[in-house]
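Q: I'm new to this structure and would like a close look at how its side chains pair up, rings and charges alike. Could you walk me through that in one go?

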Amino acid sequence: MSATPATDSTPNDKSSSSDQNQLLRFIGTLPAQPPNTLRLFERPEYFTAIGADATYIATTVFKTTSVLKRLGTHPTCTLSRTICESFLRDALLSQGQRVEIYRAPNQQQQAGEWQCTVASPGNLQQVHEMLFANGDMVDAPLMAVHVSGSGEIGVGFVDPAQRTLGVCVFTDSDVFSNLEALVIQLGVRECLVVEERTASAARRRLVSMLDRCNVVLTACERALFSAKNIEQDLARLLNTAAPVAALPELLLTLALGPLACALQYLGLLSDDSAHGTYAIRTHSLAQFMKLDASALDALNLLHRPQMPRNMSLQGLLDRCRTAQGRRLLAQWLKQPLVDREMIERRLDLVEVFFVDAERRNALRQTHLRVFPDLARLASRLQGGARASLQDIVRVYQLVNALPALGDALSHTAAGSEQQDAREAMVREEYLGPVRQIADSLGPLRDLVETTVDLEMADQHEFMLRADFDEALQDTRAQMDSAMDLILTQLQQVSDALDLEAYKKVKLEKHASFGYCLRVSRVDAARLRGKPRFFELATLKTGVFFTTAALRDAARAWAEHADAYAKTQAELVREVVRVAASYCPLLAQLNSLVAHLDVVLAFAEASASAPVPYTRPQVGAEVLRLVDARHPCLEVQDGVSFIANGVEMARGRSDFAIITDPNMGG
């Protein structure tokens, strides 16, 4: 992280000495700090770190120890919320650290009242909003592993962002090469294993492999790996009408204990919003090419911090317009297809949009740009308390955009038989599902139009329609009456000052003063010597002022607005609950949009390359590359790349030695 001036980033700790003493006493009651774990204490407007954590943050975030203060004998360091969000993203997602955040209810720092939130690289749900409020959401699957004495490995994994559970069983070598391939394919950030008093040789090899993949290993008690209640647990979590006992995943008994451990570690069973929202699948290693950490690094497949964009394949191909598209691109790069039919289908879709530049540009520039991150929206809706009417309105705007997306996807011009077959594939893959989802989301659109004041939403004021509820209607009438008085005052004051209303005398809704008036600093001279005008503040933008009548009307409006907000809060929760029932449809739409976005990105990257890419012909017996170019090297400035040819045939040339210049000796 870049250094940030302490004066801008470290809030002054204004807590009283009594609060500080209470915090000191509370710290004394805490157990020993686990290794690789940071502790933060949340205050009303900032976070505090104490002891070694404070020194670590001062040197890594602010690059100086001058920001440190003292609490008793302990050094302390404070972080604003914005700086803390950035620090936590780096600590959890890049450094592989765990974090404990202690919060006091109602911001009263009293011993025994603090609530602890624990986050780790594979368990981000409790800090999800803080981490990704101002950036793309990151998938953080969690894996649990059991190694049997016979060499078989059972794996259970959970992806809370995608609401997916998975199991996998396979045999492996002593160096865990298959498990390493699975870690790469899933993009795992944390792995749970059974705690061992003394690390065995196999455990040391497992730790070494996970270290190469930058995966945090967490040892758990053996009791957490019990699958005794797994059927009941899955019955609560899965969104399926089929009997849980009949699921084929339950036949993979070696993976059920790890899955049970992952569920317990994430606390999903105690999270009501998770119940009935998950799907389960069996992962097969054979469906993708096996990659290990060395291959990822040597081939520069994934983008790394501080790496120039075009130095990685991910950076070169990332022409995505949506957050979900960018996540899927990273997933596809870690999961190369090996099935010829699936490869050809993906190539067919890319070629459709490679050839049709007009449709490709319309979809990328106009339609995909308006799509929000549906996985994040669905997560907020399913979380209930975190969702707001603004989220509902964003879903509504999305539903209204679907018909135009369908029109852009459709293609009516007749072509060759091959082109018609590929257009049929576009209709099957995208157009048909988009129109079906749009129809299914129609009732949600009707619900929003019935309940939400969309005119106010256009002004970024999110509230329910007054006529949706009688109590709301009465309160809204009082708000409108107060607003009429405010507007009357605006006109009267403008006439008294001989200034034009709205242009010279502006109505403002100030964070501290509520509704008041503002004139430029030049026109403020007209306020002097007139006792009916009360100046509130002078800023660069002008002078804020009010009158007794305006102040009373503004106060009345604020009181009615508060009453309106309290009345509608319960109604909003009900609207959110109904909207959350559409999350499975939103998940389908999210997957569709991500898939379309990546295919369009491939087509755009292919068409805009220095020399446009050529579609490969996929065969089973011969690999023949003619004038092959490295896609990253050819876009580097000052590099003159020499194209090379390669030919390998099954049974004739299965092995090739690749050399660099000056390697003849």
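A: Let's settle one word up front: a residue is buried under 20% relative accessible area, exposed over 50% and partly exposed in between (1.4 Å probe, protein chains only). What you see is a predicted model, where local features need pLDDT of at least 70 and side-chain atom pairs count only at pLDDT 80 or more, while totals for chains, interfaces and linings use all residues. Residues are numbered from 1 along each chain as its sequence is written, and side-chain values use heavy atoms, with hydrogens and water left out.

Rings come first. Searching the whole structure turns up 7 aromatic pairs (Phe, Tyr or Trp rings, the six-membered one for Trp, with centres within 6.5 Å; planes under 30 degrees apart are stacked, over 60 edge-to-face, the rest tilted). One of them brings together Phe41 and Tyr102: with ring centres 5.4 Å apart and planes at 20°, the pair is stacked. Phe41 belongs to strand β1 (residues 37-42) and Tyr102 to strand β5 (residues 98-103), so this pair ties together parts 61 residues apart in sequence. (Strands, E, at least two residues, and helices, H or I, at least four, are DSSP runs numbered from the N terminus.) Both Phe41 and Tyr102 are buried.

Now hop over to Phe533 and Phe545, whose ring centres are 5.7 Å apart with planes at 80°, so that pair is edge-to-face. Phe533 sits in the loop between β14 (514-519) and β15 (534-539), while Phe545 is part of strand β16 (residues 542-546), so the pair ties together parts 12 residues apart in sequence. Phe533 and Phe545 are both buried too. Back at Phe41 and Tyr102, Phe26 joins in, and the three form one aromatic cluster.

Rings also meet charges here. A charge sits over a ring when NZ of Lys or CZ of Arg is within 6 Å of the ring centre and within 35 degrees of the ring normal. That's how Arg346 meets Trp332, its charged end sitting over the ring, 3.6 Å from the centre. Arg551 does likewise with Phe534, at 5.1 Å from the ring centre.

On to charge meeting charge. The whole structure holds 31 salt bridges (a side-chain nitrogen of Lys or Arg within 4 Å of a carboxyl oxygen of Asp or Glu). Take Arg212 and Glu180, whose side chains meet in a salt bridge of 3.1 Å, N to O. That pair links distant parts of the chain, with Arg212 in helix α7 (residues 201-212) and Glu180 in helix α6, 32 residues apart. Arg212 is partly exposed, with a relative accessible area of 41%, whereas Glu180 is buried at 5%.

Arg518 has a salt bridge with Glu508, where the closest N and O atoms are 2.6 Å apart. Arg518 is in strand β14 and Glu508 in strand β13 (residues 506-510), so the pair ties together parts 10 residues apart in sequence. Arg518 is buried at 17% relative accessible area, and Glu508 counts as partly exposed at 21%.

Next, Arg573 bridges to Glu570, with the closest N and O atoms 2.5 Å apart. These two are 3 residues apart in helix α21, so about one helical turn separates Arg573 and Glu570. Finally, salt bridges with shared partners join Glu344, Asp348, Glu351, Arg422 and Arg615 into one network.
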